[in-house]
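Hello,

Here is the structure I promised to pass on to you. Please have a look through it first, and then read my notes underneath.

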Amino acid sequence: MRKWWFILVCLLMLPCLDLRAQEQEEEVDLPGIIFGHIGDAYEWHLFDWKDEPVAIPLPVIVHSKDTGWHVFSSHHLEEGEYEGFHIDPDSGKIVEADGRRPLDISITKNVLALMFSSLLLLAVILLTARWYRKHDALQEAPTGLAAFMEPLIMMVHEMARENIGEDYKRYSPYLCMAFLFILLNNFLGIVPFFPGGANLTGNIAITLVLALCTFFAVNLFGNKLYYKDIFNPDVPGFLKPIMPVIEVFSALMKPVSLTVRLFANMLAGHIMILSIVCVIFIMAKYGPLLLGSMSVVSVLFGVFLDALECLVAFIQAYVFTMLSSIYIGLSRQHAE
Amino acid sequence: MSLVTPDIGLLFWMVVIFGIVFFLLWKFGFPIITDMVEKRSAHIDESLKLAREAEIRMQDLAREQQQLIDQSKLEQTRILQEATRTRAEIIAKAEQEAADKAEQLLRKARTEIEAEKESALRDIRKEVAELSVGIAEKVIRKELSSDKAQMDYVDRLVDEIEKK
């Protein structure tokens, strides 16, 4: 118990030590800090060392209508313009000299995090599959990685079986993939240091692609009954012209709700944790007493929020997968 | 605003990377795991069912065995009783037979004795007759030297026989 108190006190001291340098400085740029953490960037900022940012430069790949393809390292952009491109201070994106946006497929912080987490997921699942290939599952219980991954995968598989019905095996790999992808990235997002910390599932592009995958899985493989329910439902005659409009709208809104739910939940979680941590920095100029007491509060609250985020990370992955499987199940239902 | 407008670059990379990873895992990852686990679940179900059936069969066997034992016990008592009865019967029969045989033998012996006695008596009578005839001859030879006496005697004898 005393050991834990000691660790807690040390943790509380850390921000105080760090902040003495900042005390004399001007107002803390709260939006800058928060959006710097949750947004995308052309470099991966690791930490500050003697007031100099230490960052991993990442490759910039842009295509300008006038000058064609350009590939260069992002550290060239630190000084300002390079090969006719510079970072727009308002949006933080690369723009051409005249302010137009080139086609920008740079390996940004989020893309690198995506690559890393995808490789991790790929390795974990393929290693698990290798266990099942190498061992006779009928003779021995899974061990190690397989024992860890099996419940997760089978949870989603069972969910697919319950919600989709007879041809669940066709959809179960997608649902497993979506679940593990979201779960892994949610957790990596909570990890505060490299290679975690990128706000991937709190980025609308990522959640949009996931939701569109569900949308296509639902609408490309929907059966006759599903389309009949949309375009010619069993309703009284005067409702016939209205129902298709409502149904099409609801079909289109489903991916939107999936996108926004995951994106907003994860984003909000990140912003909450960052804000709570920033409280310490803001309190620095109000004197040591307030700083000390608020530090305790914000560390305790930060621990609480981190635990909450772990819960939310799982719940959101689960909810996304659950809703996807229900939507797919609706498109594969059979007449009773 | 940039938070809610999807970035084209990230969108592009997400589609590419997610697509590749999904394809690989769909081909070499998830189905292998889920199929194997499903096969194992089916195997476990099957084994449990078999075990249950085996248990039931075992119970049946035990019951059958018990029945067999009971039956054979019953049979045993029956056989024993029968044996006792048979023994008693045999003994009784043997006794009866022995008695019969003894009586038969006795009767036979008696008859034989009777016959012997008869024949002995006959022999004796014959002997006596011969003797008496001899004696009578001798007596008669002496007394019946006269014809008259002889005739008287014959007459007397004839009378005797007639009287008889």
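Below is what I found, starting with confidence and ending with the helix contacts.

Please keep in mind that this is a predicted model. For the complex, the predictor reports an ipTM of 0.84 and a pTM of 0.76. Chain B has a mean pLDDT of 87, with 94% of its residues at 70 or more. Within chain B, helix α1 (residues 8-28) has the highest confidence, at a mean of 91, while helix α3 (residues 147-163) has the lowest, at 79.

Now to chain A. This chain holds nine helices and seven strands, and its C-alpha trace spans about 75 × 65 × 50 Å along the principal axes. Of its 336 residues, 33% are buried. If you look at the contacts in chain A with a separation of 6 or more, 63% of them join residues 24 or more positions apart.

How do the two chains meet? Chain A puts 37 residues into the contact and chain B puts in 32. On the chain A side, the elements that give two or more residues are α3, α4 (144-164), α5 and α6 (204-220). The most come from α3(A), which gives 13 residues. By class, the chain A side divides into 23 nonpolar, ten polar and four charged residues.

Three helix pairs are worth a visit in the viewer, and one of them joins the chains.

That one is α6(A) with α1(B). Their axes come within 9 Å and cross at roughly 45°. Because that angle lies outside the ranges for parallel, antiparallel and perpendicular, α6(A) counts as oblique to α1(B). The crossing is right-handed. From α6(A), the residues A:A205, A:I206 and A:V209 meet B:L10, B:L11, B:M14, B:V15 and B:F18 of α1(B). This contact has eight nonpolar residues, no polar ones and no charged ones. You may recall that α1 of chain B is also where confidence in that chain is highest.

The helix α6(A) has a partner inside its own chain too. Its axis and that of helix α9 (residues 288-331) of chain A come within 8 Å and cross at roughly 15°. This angle is under 35 degrees, so α6(A) is roughly parallel to α9(A). Here again α6(A) passes its partner in a right-handed crossing. In α6(A) the residues involved are A:T214, A:A217 and A:V218, and they meet A:S324, A:Y327, A:I328 and A:S331 in α9(A). Four of the residues in this contact are nonpolar, three are polar and none are charged.

The last pair also lies within chain A: helix α3 (residues 109-134) and helix α5 (residues 168-190), with axes that come within 10 Å and cross at roughly 125°. That angle makes α3(A) oblique to α5(A). Their crossing is right-handed. On the α3(A) side you will find A:A113, A:S117, A:L120 and A:L121, and on the α5(A) side A:L180, A:F181, A:L184, A:N185 and A:L188. By class, this contact has seven nonpolar residues, two polar residues and no charged residues. Both helices of this pair also appear among the elements on the side of chain A that touches chain B.

Enjoy exploring, and write back with any questions.

Best wishes

Definitions and conventions:
Residues numbered from 1 in each chain as written. Chains lettered and ligands numbered in written order. Predicted model: local features only at pLDDT ≥ 70, side-chain atom pairs only at ≥ 80, totals over all residues. pLDDT = per-residue confidence, 0-100. Helix = DSSP H or I, 4+ residues; strand = E, 2+ residues; numbered from the N terminus. Axes fitted to C-alpha atoms, helices over the stretch in contact; angles between N-to-C directions. Parallel < 35°, antiparallel > 145°, perpendicular 65-115°, else oblique. Left-handed = near helix turned anticlockwise from the far one by under 90°. Contact = placed C-beta atoms within 7 Å. Nonpolar A, V, L, I, M, F, W, Y, C, P; charged D, E, K, R; others polar. Buried ≥ 20, exposed ≤ 12 C-beta atoms within 10 Å, placed from the backbone.
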